[in-house]
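Work through the following exercises with the coordinates open, and treat each solution as a chain of small checks.

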Amino acid sequence: MVLIGTASGNMRIAIGSDHRGSALRHKVIVFLEGLGARVVDVGVDSVNSVDYPEIAAKVARQVSEETVDRGILICGSGLGMAIVANKFPGVRAAPCHDEITAEVSRRHNDLNVLCLAADILGPKSADRLVDIWLRTEFEGDRHSRRLQKIAELERRNGRHETSSPYRKRA
């Protein structure tokens with residue numbers, strides 16, 4: 001099973017976790033590499049408590065600056081990571097706990113950072129959600145209009161996105 005690549009080669013995915021998500025992160029990395037993804041692992045490899053905002057920022061910054069195609073963040077609930085990631089321009093992050101949210105997050109919201117809950121998901125479930133999330137295409141149409149409105153809110157509120165595909169062209 002090979003992941004469909006981007007124009008520049010295989011999809012680049014940044015992945016990070018806090019201490020609670022470290023074991024699951026390692027398993028997801030193996031799954032991603034099996035799909036042919038180029039993985040940028042930002043850690044952590046510690047069972048000692050770490051502050052998740054630092055890890056989330058590393059992944060979200062790479063997605064925001066488009067040095068990677070997408071990001072995956074793993075903590076106990078997926079919630080804290082999503083909150084941090086959404087502070088970066090152009091990042092659309094959300095926790096997904098089941099197949100429906102993984103699919104709809106891509107189809108309707110063009111989610112570019114998947115947040116997973118290590119306290120809820122086992123490795124097989126996480127792999128299934130990642131697979132669905134990677135393979136689901138964005139529908140566009142009315143959803144593009146809505147994402148354009150989100151990008152406009154970012155601009156008006158001081159998060160200047162430079163390359164949104166949803167921005168109106170002059």
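A salt bridge is counted here when a side-chain nitrogen of Lys or Arg lies within 4 Å of a carboxyl oxygen of Asp or Glu. The model is predicted.

**Exercise 1.** Determine which residue pairs with Glu-99 in a salt bridge, and follow the network that results.

*Solution.* Glu-99 forms a salt bridge with Arg-128, the closest N and O atoms being 3.3 Å apart. This pair links distant parts of the chain, since Glu-99 lies in helix α4 and Arg-128 in helix α5, 29 residues apart. Arg-128 also meets Asp-131 in a salt bridge, at 3.7 Å from N to O, and these two residues both lie in α5, 3 residues apart, or about one turn of the helix. Salt bridges that share partners thereby join Glu-99, Arg-128, Asp-131 and Arg-135 into one network.

**Exercise 2.** Classify Asp-41 and Arg-25 as buried, partly exposed or exposed, and locate their pairing.

*Solution.* The closest N and O atoms of Asp-41 and Arg-25 are 2.8 Å apart in a salt bridge, which links strand β2 to helix α1 across 16 residues. Asp-41 has a relative accessible area of 38% and is therefore partly exposed, whereas Arg-25, at 0%, is buried.

**Exercise 3.** Compare the expected span of helix α2 with the distance between its end C-alpha atoms.

*Solution.* At 1.5 Å a residue, the 13 residues of α2 (52-64) should span 18 Å, and the end C-alpha atoms are 18 Å apart, so the two values agree. Just after this helix, Glu-66 takes a positive phi of about 60 degrees.

Notes: Residues are numbered from 1 along each chain as its sequence is written. This is a predicted model: local features need pLDDT of at least 70, side-chain atom pairs count only at pLDDT 80 or more; totals for chains, interfaces and linings use all residues. Side-chain values use heavy atoms; hydrogens and water are left out. Helices (H or I, at least four residues) and strands (E, at least two) are DSSP runs, numbered from the N terminus. The expected span of a helix is 1.5 Å times one less than its number of residues. Buried means under 20% relative accessible area, exposed over 50%, partly exposed in between (1.4 Å probe, protein chains only).
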